[in-house]
Amino acid sequence: MSPRRTDTGGRIDRLRTIRFTFDGASYTGHAGDTLASALLANGVSLFGRSFKYHRPRGVLSAGVEEPNALVTVLRGEVREPNIAATMIEIYDGLTAVSQNRFPSLSWDIGAINQLGGKLLSAGFYYKTFMGPVVGPLKGTRFWMFCEHFIRRAAGLGRAGTAPDTARYERMNAFCDVLVVGSGPAGLMAAKAATDQGARVILAELEPHFGGSANWSGEVIDDMPAADWAARAAGQFEGHDNVRLLPRTTVWGYYDGNTLAALERVTDHKENPGKGEPRHRYWTIRAKTVVLATGSFERPLVFPGNDRPGVMLAHAAERYANEYGVLPGDRIALFTNNDSAYGTALALKKAGAAIVAIVDVRPELSSEMRKLASEAEAEILSGHAVVATEGGKALSGLKVQRFDMVSGALSGDARSIHADCLLMSGGWSPTIHLASQAGARAEWNEALQAFLPPKPTQKWIGAGAFNGHFKTLEAILDGRNAGLSAVGATGTPMAYPSVESLPGDSQPAPVFEIKAKGKSFVDFQHDVTAEDVRLAHREGFVSVEHLKRYTTLGMATDQGKNSNIPGLAIMAEALGKPIPEVGTTRFRPPYSAVSIGSLAAERFGDLKPERLTPMHDWHIANGATMYAAGLWYRPMIYGLSGETIEQAYVREAKATRESAGIVDVSTLGKIAVQGPDAAEFLDRVYTNMFSTLAVGKARYGLMLREDGLAFDDGTTWRLGEQDFLMTTTTANAGKVMQHLEYFLDVIWPELKVHVTSVTDEWAGAAVGGPKARAILAACVTGTAVDNATLPFMGIVRGKISGVPVMICRLSFSGEMAFEVYCGAGYGTHVWEALIEAGKPFGLVTYGLEALGTMRIEKGHVTGAEIDGRTTARDLHLDWMLSKKKPFIGSAMMDREGLIAPDRLELVGLIALDNRPLNGGAHVVEVLDEANPHDSIGHITACCYSPALGKHIALALIKGGKARHGSRAFVSDPLRNRFGPIEIVSNHFYDPDGSRMHG
Amino acid sequence: MLINCPYCGPRDVIEFTYQGDGNRERPQAASQNLDAWNAYVYDRLNPAGDHNEIWQHSGGCRAHLRVVRNTLTHEISSTAFAHGGHKSAARHKAEGKS
């Protein structure tokens with residue numbers, strides 16, 4: 001038997017033993033255990049080390065609010081840090097390790113930080129990393145150096161580096177009523193709405209429906225509350241209008257009653273089922289939401305309240321009742337309200353000795369006194385805990401007389417021997433989702449809690465969420481909420497009978513016991529009460545500033561425990577009531593959300609990819625593919641043993657010497673058709689298209705409305721009212737939207753239709769001195785001689801029986817032809833061209849060679865049309881028509897856009913014969929130690945086989961005026977410095993005789 | 001956020017692309033009034049409240065919609081096709097351009 005497991009009781013399956021490891025040691029637990037309950041059952045009290053001070057920490061809670069017991073779960077190579085042990089269902093083979101300790105959890109070198117407590121107080125980083133501004137280290141990076149080590153010492157779990165192999169998916173759902181939380185209130189709401197025929201989704205973040213009914217020990221309808229809840233949940237089976245989502249945290253409440261939820265589908269399984277995703281991200285659109293999210297018990301703030309063995313009262317009750325685990329043998333309680341008395345009795349019944357109930361209130365009701373005597377507990381009313389004792393586990397506590405009104409302690413401290421101290425500081429409704437949905441929470445003086453605001457979206461609250469902490473109230477609330485959510489009044493019904501313990505929901509307004517020692521407010525971020533007061537003394541008045549300065553409530557638990565105590569201490573320091581200090585707005589996510597679930601199908605197997613019709617041919621013929629946006633394009637067709645540079649140099653050289661062929665199917669293609677198509681293109685392009693003859697193509701440039709260059713490409717006039725526009729691969733979508741916007745919004749009177757036809761055409765560009773001969777050898781139905789197919793001419797013919805459209809235009813600078821055919825025939829035509837090219841030495845070339853040849857020619861692409869350059873900067877001012885207005889024409893001549901010192905396109909030649917790098921800066925004066933005064937940067941670079949040199953295109957101040965002058969490349973990141981010559985961007989064949997010839 | 005596309009019905013905002021402030025008035029194409037162009041390209045009202053916006057149903061019918069959205073609550077009080085009643089459209093028509 002495990003040391004702390006009770007003999008009977010609990011809702012675990014004692015017949016099923018589960019083996020797992022924690023920090024390398026093997027343990028067993030039972031089906032139904034969480035990692036926290038199983039470790040507690042094994043007598044483990046130390047779960048982790050705290051964030052700043054490396055203090056030993058145990059488990060504080062039994063649920064999602066856990067700030068201390070955070071562990072890293074290992075699955076193969078994949079590590080997931082910062083998971084609350086209270087939320088991990090154990091399975092055979094579970095491997096978890098503790099965090100923020102070195103070299104081991106029980107002997108941690110970082111614990112020395114505790115001695116330097118003053119140094120690590122609030123605002124530590126802001127204060128410390130300012131200098132040194134005086135002394136011998138002034139002006140050095142000494143603190144930066146130290147910061148590295150200090151930051152490493154602080155913190156939580158370490159993220160892994162292995163890729164996450166799990167699959168995640170997204171789901172959309174619609175419903176009439178989304179019920180969040182399945183305690184008695186949520187169950188009743190879901191039942192009422194389901195019975196009315198509404199479509200209902202019931203989401204519960206725990207594995208089992210029932211919420212507090214699973215551990216309250218109450219009796220509902222003459223059966224244990226847990227059985228009542230199981231029966232209520234079971235009644236939904238077989239109803240196709242209700243969807244049950246266990247292990248599902250609703251974490252975001254967005255506009256239009258859209259909610260985000262995370263379903264942990266397989267985290268609790270040793271072997272996930274085939275096809276099961278690890279997590280499922282739900283987007284739920286609900287007509288109405290019922291918020292039955294319950295409440296959190298608050299810790300009390302007193303010295304040593306973080307010692308392992310100090311726990312929330314209800315958490316201990318839950319461990320005993322739901323998991324059959326006693327967190328201690330000799331248990332003391334410290335409370336400001338009645339709820340702890342029921343806990344004492346429950347733990348007594350489970351087998352623990354209750355050594356004392358320390359209550360800050362001087363007067364207690366006779367009912368509470370009766371409960372205490374049933375628990376055989378000594379009552380210390382008007383007392384407070386002022387210290388805890390023990391190292392890695394609690395051994396005792398000290399109490400003193402306490403005056404609730406003044407907060408003063410008096411009398412001698414009395415020691416009490418106990419191995420577990422339970423605290424209850426009252427209850428805070430879990431109003432996070434309501435707060436996310438819009439309105440500001442309202443302070444309730446009697447309950448000492450923020451209650452949900454008036455709904456700003458369509459939600460209805462129920463149960464403890466409303467501050468109705470009694471089970472019967474929750475049941476009534478839930479049923480009413482479920483009915484009104486579907487607009488029903490419902491028939492009268494007999495409400496269930498509930499047997500619960502007496503008790504007043506109103507706590508005493510005591511949050512902190514001021515005594516010597518560290519009293520923690522935010523356990524996870526190691527923020528003490530003194531830190532909060534320090535922030536106040538240093539002038540932080542706004543609660544938002546307080547939060548940021550102390551990092552109170554900013555850890556992964558988002559202040560679920562610390563919010564109210566922190567506010568109360570701040571309010572006292574300010575001398576203001578709590579509602580005037582205000583509360584911070586809760587923001588999504590309610591609890592941590594896996595990044596994988598947010599990415600879901602946009603990552604991995606399901607990411608869309610765009611493949612050209614000739615893709616398989618490229619792969620089969622040795623292409624190394626390159627991802628360009630969603631497209632995959634051949635980078636090189638490398639021969640064995642070739643480097644990338646050797647391959648592209650060979651491809652480019654062969655193209656210029658004989659001929660090369662490249663897949664250009666990815667170019668954006670837009671059919672622009674209609675009576676006003678030519679007029680439209682005149683408005684869209686900087687140059688004229690209405691004058692373009694049918695059967696001819698023209699290079700066009702588009703500007704944005706602000707006068708900067710936008711995109712370029714050729715547009716082919718296929719008919720009087722029929723144009724085929726090509727765009728750059730990257731901008732195809734943007735250009736399409738640009739055209740649609742102007743047609744739909746600005747010029748709806750134009751009779752033009754635009755259609756994206758990118759995927760309808762396969763394209764191959766054949767260029768080089770032998771290109772025409774190759775076409776002549778395979779094209780039928782048309783001649784391809786200079787008279788029939790002049791530069792920028794278009795002909796139609798057939799290749800291997802397939803109709804093709806051929807336009808003579810050139811990106812490589814060679815005589816070149818773009819051959820387009822229907823996408824389905826892409827590979828067929830491509831293979832026919834390859835076959836026809838064999839006698840002429842035709843090579844296939846990829847993006848690298850394409851880029852090399854365009855750099856040699858000085859053509860621009862997206863690297864130069866970067867959203868900052870104008871047509872003039874790129875020496876394309878010859879394309880700016882003066883005969884007509886066009887998009888951008890009014891704005892392109894603004895002062896700043898025609899200034900003489902603008903960056904202009906130039907060519908660079910490396911004078912030291914070494915490769916250049918894209919993004920490197922160009923300077924007039926070389927200063928390797930302290931690079932300064934950039935005159936521009938490199939946009940594209942390559943080794944040019946045509947010139948036999950390393951060359952680059954660059955945007956340089958003054959541009960043309962610097963042709964023939966020298967400068968230096970300055971690239972400290974890659975440690976590349978050296979002399980360059982600035983030349984024209986037209987490196988190769990500047991008069992274009994090769995492509996016109 | 002749901003946008004009620006007149007063609008497609010209510011659809012999630014994920015299907016739409018924001019295409020800018022619907023209050024922009026494009027000067028006549030040939031206008032050389034730089035102030036007017038400047039206002040068109042750069043000046044925005046940035047109201048706290050109802051805002052006239054252009055959204056394209058890019059993941060659907062691709063129509064541009066004129067949407068009045070409250071910037072504080074994201075409540076959408078009206079959606080209509082952008083070209084219906086747009087000032088530049090009306091102006092072009094009034095001037096007899098086709």
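## Strand pairing, cores and chain contact in a predicted two-chain model

Strand S10 (residues 219-220) of chain A and S11(A) run antiparallel and are joined by 2 bridges. Within this pairing, A:Ile220 stands opposite A:Met223 of S11(A). The model is a predicted one, and what follows describes its computed geometry. S10 belongs to an open sheet of 3 strands in chain A, arranged in the order S11-S10-S29 with antiparallel pairing. Strand S11 (223-224) and strand S29 (498-499) of chain A occupy the edges, and each has a single partner strand, so one side of each is left without a neighbour in the sheet.

Helix H5 (residues 225-234) of chain A has a set of buried residues, namely A:Ala225, A:Ala226, A:Trp228, A:Ala229, A:Ala232 and A:Ala233. Viewed down the axis of H5(A), these buried residues fall within an arc of 160°, so they line one face of the helix. The cover over the buried residues of H5(A) includes S10 and S11 of chain A, together with helix H4 (184-195) of that chain.

Strand S1 (residues 13-22) of chain A takes part in two pairings, and A:Phe22 has a bridge partner in each of them, as the table sets out.

| Partner of S1(A) | Sense | Bridges | Bridge partner of A:Phe22 |
|---|---|---|---|
| S2(A), residues 25-31 | antiparallel | 7 bridges | A:Ala25 |
| S7(A), residues 94-97 | parallel | 3 bridges | A:Ala96 |

S1(A) and S2(A) form a hairpin in which 2 residues lie between the strands, and A:Asp23, in the turn, has a positive phi of about 50°.

Two spans of chain A carry domain annotations from unreviewed UniProt entries. The record places "domain: FAD/NAD(P)-binding" at residues 176-442 of chain A; in the model this span is 22% helix and 38% strand, with its end C-alpha atoms 28 Å apart. The record also places "domain: Aminomethyltransferase C-terminal" at residues 905-989 of chain A, where the chain is 0% helix and 51% strand and the end C-alpha atoms are 17 Å apart.

Which residues touch the most other members of the largest nonpolar core? In this core of 129 residues, they are A:Val766, A:Ile806, A:Val819, A:Val829 and A:Leu833. Helix H19(A) gives the most to the core, contributing 8 residues. When residues up to four places away in sequence are not counted, A:Val819 touches A:Ala764, A:Val766, A:Val804, A:Ile806, A:Val829 and A:Leu833. A second core, separate from this one, has 102 residues, including A:Ala84, A:Val399, A:Leu421 and A:Ile513.

The contact between the chains draws 16 residues from chain A and 27 residues from chain B. On the side of chain A that touches chain B, helix H19 (residues 732-746) of chain A supplies the largest share, 6 residues. By class, this side of chain A has 7 nonpolar, 7 charged and 2 polar residues. Helix H19 of chain A therefore appears in both settings, giving the most to the largest nonpolar core and the largest share to the side that touches chain B.

Chain B itself has 2 helices and 6 strands, which follow the pattern β-β-β-α-β-β-β-α when read along the sequence. Of the 98 residues in chain B, 22% are buried. Among contacts in chain B between residues at least 6 apart in sequence, 49% join residues at least 24 apart.

Definitions and conventions:
Residues are numbered from 1 along each chain as its sequence is written. Chains are lettered from A and ligands numbered from 1 in the order in which they are written. This is a predicted model: local features need pLDDT of at least 70, side-chain atom pairs count only at pLDDT 80 or more; totals for chains, interfaces and linings use all residues. Two residues are in contact if their C-beta atoms, placed from the backbone, lie within 7 Å. Helices (H or I, at least four residues) and strands (E, at least two) are DSSP runs, numbered from the N terminus. Ala, Val, Leu, Ile, Met, Phe, Trp, Tyr, Cys and Pro count as nonpolar, Asp, Glu, Lys and Arg as charged, and the others, Gly among them, as polar. Two strands pair if DSSP finds at least two bridges between them. UniProt positions are given in the numbering used here, feature names are shortened, and annotations may be inferred rather than shown by experiment. A residue is buried if 20 or more other C-beta atoms lie within 10 Å of its own, exposed if 12 or fewer, and partly exposed in between; C-beta atoms are placed from the backbone. The arc is that of the directions from the helix axis to the C-beta atoms. A nonpolar core is a set of buried Ala, Val, Leu, Ile, Met, Phe, Trp, Tyr and Cys residues joined through C-beta atoms within 7 Å.
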